[in-house]
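Got the viewer open? Let's walk through this one stop at a time, selecting as we go.

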Amino acid sequence: MTTTHQPPYPPPEPPYGHGSGNGNGPGPRAGHNHAPEADGGHDHGPGAGGGHGHDPGSGGGHGHSHSHGPAAPVSKHLRKVIAAILIPFTAAVVVGLVVLWPGGAPPHQRTGVGFDRQTQQATVTKVVSVSCKSVNASGETPTGDTSTSEGSSAEQQAKGTCKKATIRVDTGKDKGRTFTEIVQPDQSRQLHEGEKVVAAYEPSAPKDLQYSVADVNRRLPMALLAGIFALAVVVVGRLRGLMALVALAVSFMVLTFFILPAILQGSNPLLVAVIGSSAIMLIALYMCHGLSARTSVAVLGTLLSLVLIGLLGSEFIGWAALTGNTDDNTGLIHGLYPSIDMSGLLLAGVIIGSLGVLDDVTVTQTSAVWELHEANPSMGWRGLYRAGIRIGRDHIASVVNTLVLAYAGAALPLLLLFSIAQSGVGTVANSELVAEEIVRTLVGSIGLVASVPVTTLLAALVVAADRPGSEPAMATATVGAAPAPARTGRGRRRKR
């Protein structure tokens, strides 16, 4: 015998899922329900959370459902509205990619400075200790002031013990050739026998000076660390984790093959960054979270936040007169490609740097609103927004702190240098090096903070407007079927 419980809110007619009874009655909606908007994986859980739900207080009997992903499908009308916004946007992004596609970075003559030089892989085959006095150019002990750092270093190089390393070139046309490298005792990088290194090659130099050690070869530890990261993501995230890794690879491909070469070829950095970031956003979000209305709302929230970041960044970078040319690397870029707008490149970096955190915020807020609606379908958009924004406030606090500390960590050597110089806070903040990071941090943080109410409001409006219309009710009345409280096949819990 089945006991029927009255739900605390008017029972809507179900466009999907079960009819009434125990799920084995005669009705076309009895049995399993497969939600049409899957967003990956199988979720098995009780009640309204999706998966297999057995709820004695739902529909007057035994309810059983099987859905792919926790998000309930929205109405056809809402899907059309979302598609009407996102399809033109996606088409515009594709057109932008085609029009601005660079086809590779433009060639140039190597300068031999920094990263712009030829390199080969090499191995340290032998290291012997020698007197610094015998290998230094002057061979004389300095007689000047040795209390300074320069004088102390010169004295140590003259009286100390140096290392003479023999290095074998392992790649290129000079494979097997050896050269020597003198390592001073105060150098931060000391060479060891058997160590893999990167050798810089300058063909115009005298033969004995063509090769020098530029860096240590870190490929093995970096590859091992990347493998551990990928394994951890797949083990914990399973299919979602695998799709996240694929999306990460696609993001790097867009960055490497579109954004960077297009900027080098003289395209507007801001336009390139907006189109490239939009492409990364669409690919990453839909690939990781599925093609669903919930993901589409997160995409819209991310897009609006990126627009705000672009507008604020453009205004304040111009107002603060930030050139974007603040170190040796940006100076080299400007020297090789004078046509590049360096301040535009700075703005592009702000947009791209904010995108990753924005994705996390918008997806989390959208999911929170969706789950709140699943837990209480009678809640209106105002109630959903208030509940979602309470969750968002905690998210805001943690995300802003994360972003500020990330930028501070990246600029830690610079901050340490200012601390050593005992410069005032105002002097430090006014310098372009630090002002650039401050503007980058604050503009990105404003966009992140704004993304919480914007995305929460969008999600609340969409999911609250997704009410069963009159057509399913009329169809149910026509066939004489009893209304059921579950519209997606999920068991509903009674309010207590």
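Start by selecting A321. This alanine counts as exposed, because its relative accessibility of 56% is over 50%. Keep in mind throughout that you are looking at a predicted model. A321 sits in the loop between α6 and α7 (328-336), and its phi is positive, about 55°, although the residue is not a glycine.

While you're thinking about backbone torsions, jump to R238. Here too phi is positive, near 55°, in a residue other than glycine. The setting is a helix, though: R238 belongs to α4 (residues 219-264). With 66% relative accessibility, R238 is exposed.

Next, go to helix α6 (residues 293-319) and show the side chains of F316 and W319. The two rings make a tilted aromatic pair, with 5.7 Å between centres and 40° between planes. Why do they line up along the helix? F316 and W319 are 3 residues apart, so about one helical turn separates them. An α-helix has 3.6 residues a turn, so residues three or four places apart point the same way. Switch on a surface and you'll find F316 partly exposed at 36% relative accessibility, while W319 is exposed at 65%.

Now pick L346, in helix α8 (residues 342-375). Is L346 buried or exposed? At 7% relative accessibility it counts as buried, since that is under 20%. To see what surrounds L346, leave out neighbours within four places in sequence and display its contacts: I317, L322, G324, E436 and R440. For a distance label, try the C-alpha atoms of L346 and N325, which are 8.9 Å apart although their positions lie 21 residues apart along the chain.

E436 gives you a handy route into helix α12 (residues 432-465), given that E436 is among the contacts of L346. How far should the 34 residues of α12 span at 1.5 Å a residue? The expected figure is 50 Å, and the end C-alpha atoms are 49 Å apart, so the two agree. Follow the helix to S451 and look for a kink of about 30°, shortly before the proline P453.

Time for some rings on strands. Select F179, Y201 and Y211, which ring pairs link into a cluster. By the ring-centre rule, the model has 4 aromatic pairs. One of them is F179 with Y211, a stacked pair at 5.7 Å centre to centre and 20° between the planes. F179 is in strand β3 (residues 178-183) and Y211 in strand β5 (residues 211-216), so this pair ties together parts 32 residues apart in sequence. F179 is buried at 7% relative accessibility, and Y211 is buried as well, at 6%.

Last stop: the cysteines. The count comes to 1 disulfide, and you can find it by selecting C132 and C162, whose sulfur atoms are 1.9 Å apart. The pair links distant parts of the chain, with C132 in helix α2 (residues 132-135) and C162 in strand β2 (residues 161-169), 30 residues apart. Which hand does the disulfide have? The torsion about the S-S bond is about 110°, so it is right-handed. On accessibility, C132 is buried at 0%, and C162 is buried at 0%. Before you close the session, select C288 too: this cysteine is buried, with a relative accessible area of 15%.

How values were computed. Residues numbered from 1 in each chain as written. Predicted model: local features only at pLDDT ≥ 70, side-chain atom pairs only at ≥ 80, totals over all residues. Heavy atoms only, no water. Helix = DSSP H or I, 4+ residues; strand = E, 2+ residues; numbered from the N terminus. Expected span 1.5 Å × (residues − 1). Bend = angle between axes of the 7 residues up to and from the residue. Disulfide = S-S within 2.5 Å. Buried < 20%, exposed > 50% of the residue type's maximum accessible area, 1.4 Å probe, protein only. Phe/Tyr/Trp six-rings, centres within 6.5 Å; stacked < 30°, edge-to-face > 60°. Contact = heavy atoms within 4.5 Å.
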